[in-house]
Amino acid sequence: MPLALLAATAGHAQQAPIVQRLYDGPAPGSEHWRSPERTVKTATGAIVSNVRDPELLAYLPAPDKATGRAVIILPGGGLRVLGIDRQMMEVIQRLNARGTAAFVLKYRLLQTADVPAPASATGVAAAPPRWPDYPPLAIRNANANPSPQDTALSEVLRFAVADTRRAFAMIRINRTRWKVDPDRIGMIGISAGGGVAIGTLLANDPTARPTFIASIFGPALQDVTVKTDAPPLFIVTETGHGPVTDGLEALTTLWRAARRPVEEHIFDVPPGGLANSLWLNRFIEWLGEQRID
């Protein structure tokens, strides 16, 4: 991915990230993949597809501000693409300003022949945005996977979780160079990235246990069991997001039943209207209240 493009997605110049491959050779299990990775520029950032060589993009705070805290950010895109935009870069800037290292994970995706190009302006006045009529989805054990029988997507979810676990290991390997405390690594999952974050927790890998999880309209994509030591959970979503909202409410219920810290915010905004201004300040406060910040 062009690093200059990622650095320029914010409103002003930002230092290019350090790029760290997760594996020395082809990623285990997908060695036969051949589709080349692609990046399409959009009005607000970039869309990445066909990731087969997972990478960490490390955005580090100034050395004199580093606190040892770190966050792995899992972009969304239905396990088919990764969206990296100005809003994500704003989150990274806020974290860096507080001395927290931010790591954007480019995890493996479903291999696709083509990615739709971003829609261009037509000059025709658009109708007010409306949420689609989502088909009903039976949600059990907070599992809001809309395609549980899709074997290709299930495989990619397993790969994405494996990549996230490897990301924890890679941060630990580089902890001195990146000034990170390996016991203070949280996760922020956006859309499908939220499902990957929950999946990583459910893998029960003690070396990849986050200090917290924040899910930005990203429900679980598999059955969830909440242990008595589950990390604090912060949820943000929209009223009209159908099974996404229902799945996240179910996730909140499970966390509460286990008597674990959870905070959920549901905003009644149009599609695409979940701006950082609605939730980011509260998220930063919440980190402090949970003694995570």
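1. Overall make-up. The secondary structure of the chain amounts to 7 helices and 11 strands, and the reader should keep in mind that the model is predicted. Of the 293 residues in the chain, 49% count as buried, and the accessible surface comes to about 13800 Å², with 52% of that area belonging to carbon and sulfur atoms. When contacts between residues at least 6 apart in sequence are considered, 78% of them join residues at least 24 apart.

2. The nonpolar core. The largest nonpolar core has 83 residues, and those with the most contacts inside it are I188, L251, W279 and F283. The largest share of this core, 10 residues, is supplied by helix α3, which spans residues 151-173. One of the residues with the most contacts, F283, touches I188, F212, A214 and F234 once its neighbours within four places in sequence are left aside.

3. The aromatic cluster. A search of the whole structure finds 8 aromatic pairs. F212 and W286 form one such pair, with an edge-to-face arrangement, 6.2 Å centre to centre and 80° between the planes. This pair links distant parts of the chain, since F212 lies in the loop between α5 and β9 whereas W286 belongs to helix α7 (residues 276-289), 74 residues apart. Both partners are covered: F212 is buried with a relative accessible area of 2%, and W286 is buried with a relative accessible area of 1%. F212 and W286 also belong, together with F234, W279 and F283, to one aromatic cluster; W279 and F283 have already appeared among the residues with the most contacts inside the largest nonpolar core.

4. A charge over a ring. Apart from the pairs of rings, the model places R108 over the face of F159, at 4.3 Å from the ring centre.

5. Helix α5. How many of the residues of helix α5 (residues 192-202) are buried? The helix is mostly covered, with 11 of its 11 residues buried, and the list includes the consecutive glycines G193, G194 and G195 as well as V196, I198, L201 and L202. What covers these buried residues includes the strands β5 (70-74), β8 (185-190) and β9 (213-216), together with the helices α3 and α6 (243-257). α5 is followed by N204, whose phi is positive, near 55°.

6. Strand β5 and its partners. β5, which is part of the cover over α5, is itself mostly covered, since 5 of its 5 residues are buried. The burial applies to both faces of the strand, with A70, I72 and L74 on one side and V71 and I73 on the other. β5 pairs in the parallel sense with strand β7 (residues 101-106) over 4 bridges, and in that pairing the bridge partner of I72 is F103. β5 is also joined to β8 by 5 bridges, again with the strands running parallel, and here A70 stands opposite I185.

7. The approach to β5. G68 is found in the loop between β4 (55-59) and β5, and at 9% relative accessibility this glycine counts as buried. Which residues does G68 contact, leaving aside its neighbours within four places in sequence? They are G99, K179, V180, D181 and R184. In the case of K179, the C-alpha atoms of the two residues are separated by 5.7 Å, although G68 and K179 are 111 residues apart along the chain.

8. Backbone angles to check. Two further residues deserve a look on account of phi. L79 has a positive phi of about 65° although it is not a glycine; L79 is located in the loop between β5 and β6 (81-85). Is L79 buried or exposed? L79 is buried, because its relative accessible area of 6% falls under the 20% that marks burial. F217, likewise not a glycine, has a positive phi of about 40°, and the place of F217 is in the loop between β9 and β10 (233-238).

Technical notes. Residues numbered from 1 in each chain as written. Predicted model: local features only at pLDDT ≥ 70, side-chain atom pairs only at ≥ 80, totals over all residues. Heavy atoms only, no water. Core = buried A, V, L, I, M, F, W, Y, C linked by side-chain atoms within 4.5 Å. Buried < 20%, exposed > 50% of the residue type's maximum accessible area, 1.4 Å probe, protein only. Helix = DSSP H or I, 4+ residues; strand = E, 2+ residues; numbered from the N terminus. Contact = heavy atoms within 4.5 Å. Areas by Shrake-Rupley, 256 points an atom, 1.4 Å probe, with all protein chains shown as cover. Phe/Tyr/Trp six-rings, centres within 6.5 Å; stacked < 30°, edge-to-face > 60°. Lys NZ or Arg CZ within 6 Å of the ring centre and 35° of its normal. Pairing = 2+ DSSP bridges.
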